[in-house]
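Please walk me through this structure in the viewer, telling me what to select at each stop and what I should find there.

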Amino acid sequence: MDRKVGIVGVGMSKFGRRNDVTVRELSWEAVKEAFEDSGLTQKDIQLTVIGSTAYRGTEIYPAPPVSEYCGLVGKSPLRVEAACATGSSAVFTAVNAIASGMVDIALVIGVDKMTEVDTATSLAIGGRGGNYYWEFHMYGTTFPTYYALYATRHMSLFGTTEEDMALAAVKAHKYASYNEKAHFRNKVTVEDVLKSRVISWPIKLLDSSPISDGAAAAILASEEKIRELKIDTPVWVRAMGYGSDTSYIAARGEWTGLNAAREAAYMAYKVSGYTPHDIEYATVHDCFTIAEIMAYEDLGFVEKGKGTALLREGQTEKDGKVAVNLFGGLKAKGHPLGATGVAMVYEITKQLREEAGPVQHSFKKYVALSHNVGGTGHYAFVGVYSR
């Protein structure tokens with residue numbers, strides 16, 4: 001990147017079913033915390049990037065009203081969308097606006113209210129996330145089914161079991177129980193997961209992330225501005241890699257991982273100079289439990305087919321080889337699409353600043369990674385960060 005970019009403030013709303021607020025009020029919960037965290041105000045912001053899918057909300061063009069409610073009129077409310085990777089695409093846009101010299105300070109807001117439609121409607125919208133005619137229209141394929149196809153292939157080739165996938169859910173719920181902003185704070189057992197209702201075999205209810213409302217915000221600044229403001233605890237964005245793949249998953253040729261994620265990771269490692277062995281903490285896109293196992297492999301933490309070993313050995317627990325999703329992940333913290341990628345930045349910033357309380361990981365190198373997937377691997381963004 002041409003100029004160094006740092007994260008100087010973060011905020012996040014409580015995730016869950018938020019019938020108590022509008023999308024504007026929900027956004028302000030996160031933005032207010034980010035301003036308080038950074039010591040900056042609206043007058044310091046030069047660019048606002050809002051990530052929101054808005055497919056399931058009443059406010060289908062949320063950027064202007066959110067910007068106005070947060071006191072940011074005139075700060076160029078730019079809206080971006082990349083399905084479940086919408087939040088990371090907003091971070092990517094802000095990082096590059098600063099790195100290029102266009103602006104010195106940018107605010108990223110990720111927000112979605114997804115519970116304003118019923119579950120059947122939400123599934124129908126999600127089913128259109130790939131190739132509408134050849135997938136949803138012809139076969140009624142929904143999101144759990146897409147990931148069930150990946151899961152069955154992984155099981156067939158590598159011996160992955162339903163119990164292995166359940167371990168990812170148990171881990172997510174355990175750590176979410178410490179997170180007061182998580183959608184679900186209840187702990188579950190492997191038996192609970194295996195006995196939960198089958199959605200699309202082998203994906204069961206407790207293998208799946210919830211339909212959530214939520215918002216997250218991050219304020220980013222150039223190195224020059226950070227020095228001018230005398231901010232002594234920035235988290236540096238070392239690289240943002242991206243990748244993409246076909247809309248029609250049958251055209252991909254293999255279903256044990258996501259090529260877009262591998263491309264994004266390769267780019268992020270190359271630009272940052274770090275390798276998978278340097279990563280001590282990661283937020284990965286665990287929309288379904290099999291997705292977390294595939295992420296371990298796509299990111300190079302282990303070779304293909306060995307992802308389950310990391311779970312079985314506890315290597316992705318707090319203080320493990322590479323700690324993963326200690327705020328509860330998408331699986332239990334929640335997955336409001338537009339907010340998810342920005343919430344990953346919130347989590348990484350808290351961890352690298354050693355402000356994560358009972359789930360604080362022990363660092364040696366202070367290097368972390370975010371992995372955010374859009375659709376069923378149609379897009380992917382991988383960020384690398386350090387203190």
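A surface patch, in the sense used here, is built from residues that have over 30% relative accessible area and no salt bridge, with nonpolar side chains joined when they lie within 5 Å. Keep in mind throughout that this is a predicted model.

With that meaning in hand, begin by selecting Tyr133, Trp134, Met138 and Tyr139, which form a nonpolar patch on the surface and together have about 540 Å² of accessible area. Within this patch, colour Tyr133 separately and find it in helix H5, which covers residues 132-139. Tyr133 counts as exposed because its relative accessibility is 55%, and exposed means over 50%.

Turn next to the largest pocket, which holds about 1000 Å³ of space. Its lining is made of 41 residues, and those to select for finding its centre are Ser122, Leu123, Ser209, Pro210 and Ile211, which lie nearest to it. The elements that give two or more residues to this lining are helix H4 (119-127) and helix H6 (143-158), and H4 provides the largest share, five residues. By type, the lining of the largest pocket divides into 19 nonpolar, 15 polar and seven charged residues.

The second largest pocket, with about 260 Å³ of space, can be located by selecting Tyr178, Asn179, Glu180, Phe327 and Tyr346, which lie nearest its centre among the 16 residues that line it. Here the lining divides into nine nonpolar, two polar and five charged residues.

Now look at charged pairs, for the structure holds 29 salt bridges. Select Asp104 and Arg3, which form one of them, with their closest N and O atoms 3.1 Å apart. Asp104 lies in the loop between helix H3 (86-99) and strand E4 (105-113), while Arg3 lies in the segment before strand E1 (5-12), so this pair ties together parts that are 101 residues apart in sequence. Asp104 itself is partly exposed, with a relative accessible area of 23%.

Move on to Arg262 and Glu254, a salt bridge whose closest N and O atoms are 3.0 Å apart. Arg262 counts as partly exposed at 28% relative accessibility, and Glu254 is also partly exposed, at 26%. Extend the selection to Glu297, Asp298 and Lys304, which are linked with Glu254 and Arg262 in a network of salt bridges.

For the last stop, is Lys350 buried or exposed? Lys350 is buried, because its relative accessible area is 14% and buried means under 20%. Its salt-bridge partner is Glu355, with the closest N and O atoms 3.6 Å apart, and Glu355 counts as partly exposed at 41% relative accessibility.

Definitions and conventions. Residues numbered from 1 in each chain as written. Predicted model: local features only at pLDDT ≥ 70, side-chain atom pairs only at ≥ 80, totals over all residues. Heavy atoms only, no water. 1 Å grid on protein atoms, 1.4 Å probe; cavity = no way out; pocket = protein on both sides within 12 Å on 5 of 7 lines; lining within 4 Å. Points joined across faces, edges and corners; volume = space filled by probe spheres on them. Helix = DSSP H or I, 4+ residues; strand = E, 2+ residues; numbered from the N terminus. Nonpolar A, V, L, I, M, F, W, Y, C, P; charged D, E, K, R; others polar. Patch = residues over 30% accessible without salt bridge, like charges linked within 9 Å, V, L, I, M, F, W, Y side chains within 5 Å. Areas by Shrake-Rupley, 256 points an atom, 1.4 Å probe, with all protein chains shown as cover. Salt bridge = Lys/Arg side-chain N within 4 Å of Asp/Glu carboxyl O. Buried < 20%, exposed > 50% of the residue type's maximum accessible area, 1.4 Å probe, protein only.
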